[in-house]
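The following exercises concern a ligand site and some unusual backbone geometry. Please work through each task before reading its solution.

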Amino acid sequence: MERPEDMKDGKLITLGIETSCDETAAAVVADGREALSNVIASQVSVHEAFGGVVPEIASRHHLKNINLIIERAMAESSVTPGEIDLIGVTWGPGLVGALLIGVATAKAFSFAWGKPLIGVNHIMGHISANYLAHSELAPPFISLVVSGGHTSIVEVTGYNECRLLGKTRDDAAGEAYDKVARVLGLGYPGGPAIDEAAKSGNPRAVAFKRVFLEKGSFDFSFSGTKTGVMNHLNTERQAGREVNVNDVAASFQLAVLEVIVSKAVNAAVQMKRGKLALAGGVAANSLLRKMLAEECGRQGITLFCPPPVLCTDNAAMIGCAAHYRHLAGGRDGLDLDACANLGL
Ligand code: KG4
Ligand code: ZN
């Protein structure tokens with residue numbers, strides 16, 4: 001294939017690798033801001049039959065696919081191994097067996113190609129997706145991270161510095177979506193299924209609990225709302241009443257999103273940051289994006305939303321975060337290990 005004479009054009013080129021859950025992903029990123037390729041192999045069809053991610057199966061599929069995905073990411077970017085400057089990889093948080101495949105692969109490439117290895121925190125990766133989507137965005141800002149494993153409000157004070165303002169005390173938002181979708185028979189993954197079903201439902205049909213916790217707290221709790229859905233379904237079914245799945249999906253979604261939107265926008269207002277950046281798989285949710293846009297508009301906050309493909313797990317966001325860690329002098333050795341419960 002024909003390729004431009006100098007792909008690099010003086011830019012710092014990062015190969016990003018992501019295997020923390022059920023997506024095997026590799027991407028080539030230029031100067032931290034431009035994805036030259038972003039290849040994602042989803043295992044959704046593999047785990048669908050089990051109604052959730054089976055860790056051991058996820059690891060085996062990562063192992064089977066990782067080299068092929070990296071090869072594709074390299075080919076699609078038209079970058080040669082010699083032009084790669086650094087290798088970034090997610091080392092946590094996530095499923096330990098899944099993380100290990102990415103970390104071991106990144107170490108092998110780092111050693112074979114003689115390139116620096118940069119471990120990336122998956123949550124910092126999700127936040128960094130915003131830098132790829134919005135060239136003008138720079139810290140400080142507030143980030144709302146809503147994924148299958150995490151729900152946090154983070155004050156991003158620098159490309160490599162942040163402060164946790166609040167997080168979920170039980171289920172992550174995506175986890176609650178997935179569990180509610182399962183009891184509603186909407187399949188896996190539940191988030192997109194509820195997003196879709198809710199469009200034809202009445203969000204005021206059932207008044208599920210909105211859990212705000214203590215006044216001023218930026219923490220979340222979704223397990224009560226989730227249990228409320230289960231109790232409602234049991235009561236209705238025992239009474240022989242037919243359940244309108246779309247109404248329940250819409251009512252659950254509104255209960256959860258009202259809390260998320262209120263806390264995230266309040267954080268941006270209280271911290272006087274003026275900018276709110278959305279991150280994580282649930283950030284692909286259409287109603288969340290709409291509600292946040294409306295509330296941010298009312299409060300004079302600028303909202304940043306990456307496109308859905310950069311919200312769910314991908315390696316371009318990891319390449320971006322690795323770029324900024326590298327600029328700050330961050331580097332890991334071949335002793336880098338996976339860390340399932342790595343904090344921010
Ligand atoms: O960030 P992600 O790909 O993986 C983790 O790091 O957890 O997030 C996956 C989560 C799943 O729980 C999935 O149901 C949820 O994101 N999700 C959504 C939507 N798309 C994905 N939740 C609500 N609405 C969506 N459109
Ligand atoms: Zn994720």
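**Exercise 1: The ligand shell**

Among the 18 residues around ligand 1, those that come nearest are Gly 148, Asp 178, Asp 195, Gly 281 and Asn 285. The model is a predicted one.

Task. Determine which helices each supply at least two residues of the shell around ligand 1, and how the shell divides by class.

Solution.
1. Helix H4 (122-133), helix H5 (173-183) and helix H6 (190-198) each contribute at least two shell residues.
2. Sorted by class, the shell comprises eleven polar, four nonpolar and three charged residues.
3. Domain 1 (13-132 + 311-327) and domain 2 (136-305) each provide at least three residues of this shell.

**Exercise 2: Polar contacts and burial**

Task. Identify polar partners of ligand 1 at Asp 178, Asp 195 and Asp 313, then state how much of the ligand the protein buries.

Solution.
1. A polar contact requires a pair of N or O atoms within 3.5 Å.
2. In Asp 178, an N or O atom of the side chain is 2.7 Å from an oxygen atom of ligand 1.
3. In Asp 195, a polar side-chain atom lies 2.9 Å from a nitrogen atom of the ligand.
4. Asp 313 takes part through its backbone: a polar atom there is 3.0 Å from an oxygen atom of ligand 1.
5. Ligand 1 taken alone exposes 550 Å², of which the protein buries 89%.
6. The ligand sits in the largest pocket.

**Exercise 3: Backbone exceptions**

Task. Locate the cis peptide bonds that end at Pro 93 and Pro 140, and the positive phi of Asp 31.

Solution.
1. Most peptide bonds are trans, and most residues other than glycine have a negative phi.
2. The bond from Gly 92 to Pro 93 is cis, with omega near -10°; Pro 93 belongs to the loop between strand E4 (86-92) and helix H3 (96-113).
3. The bond from Pro 139 to Pro 140 is also cis, with omega near 5°, and Pro 140 is placed in the loop between H4 and strand E6 (141-146).
4. Asp 31, although not a glycine, has a positive phi of about 50°. Its location is the loop between strand E2 (23-30) and strand E3 (34-42).

Notes:
Residues are numbered from 1 along each chain as its sequence is written. Chains are lettered from A and ligands numbered from 1 in the order in which they are written. This is a predicted model: local features need pLDDT of at least 70, side-chain atom pairs count only at pLDDT 80 or more; totals for chains, interfaces and linings use all residues. Side-chain values use heavy atoms; hydrogens and water are left out. A residue is near a molecule or strand if one of its heavy atoms lies within 4 Å of it. A polar contact is a pair of N or O atoms within 3.5 Å; within protein, one must be able to donate a hydrogen and the other to accept it, and residues adjacent in sequence count only if both atoms are side-chain atoms. Accessible areas come from the Shrake-Rupley method with a 1.4 Å probe; for residues, only the protein chains shown count as cover. On a 1 Å grid over the protein atoms alone, a cavity is a set of points where a 1.4 Å probe fits but cannot get out, and a pocket is an open set with protein on both sides within 12 Å along at least five of seven lines; lining residues have an atom within 4 Å of a point. A molecule sits in a cavity or pocket if more than half of its atoms lie within 2 Å of its grid points. Helices (H or I, at least four residues) and strands (E, at least two) are DSSP runs, numbered from the N terminus. Ala, Val, Leu, Ile, Met, Phe, Trp, Tyr, Cys and Pro count as nonpolar, Asp, Glu, Lys and Arg as charged, and the others, Gly among them, as polar. Domain bounds come from an automatic or database domain assignment.
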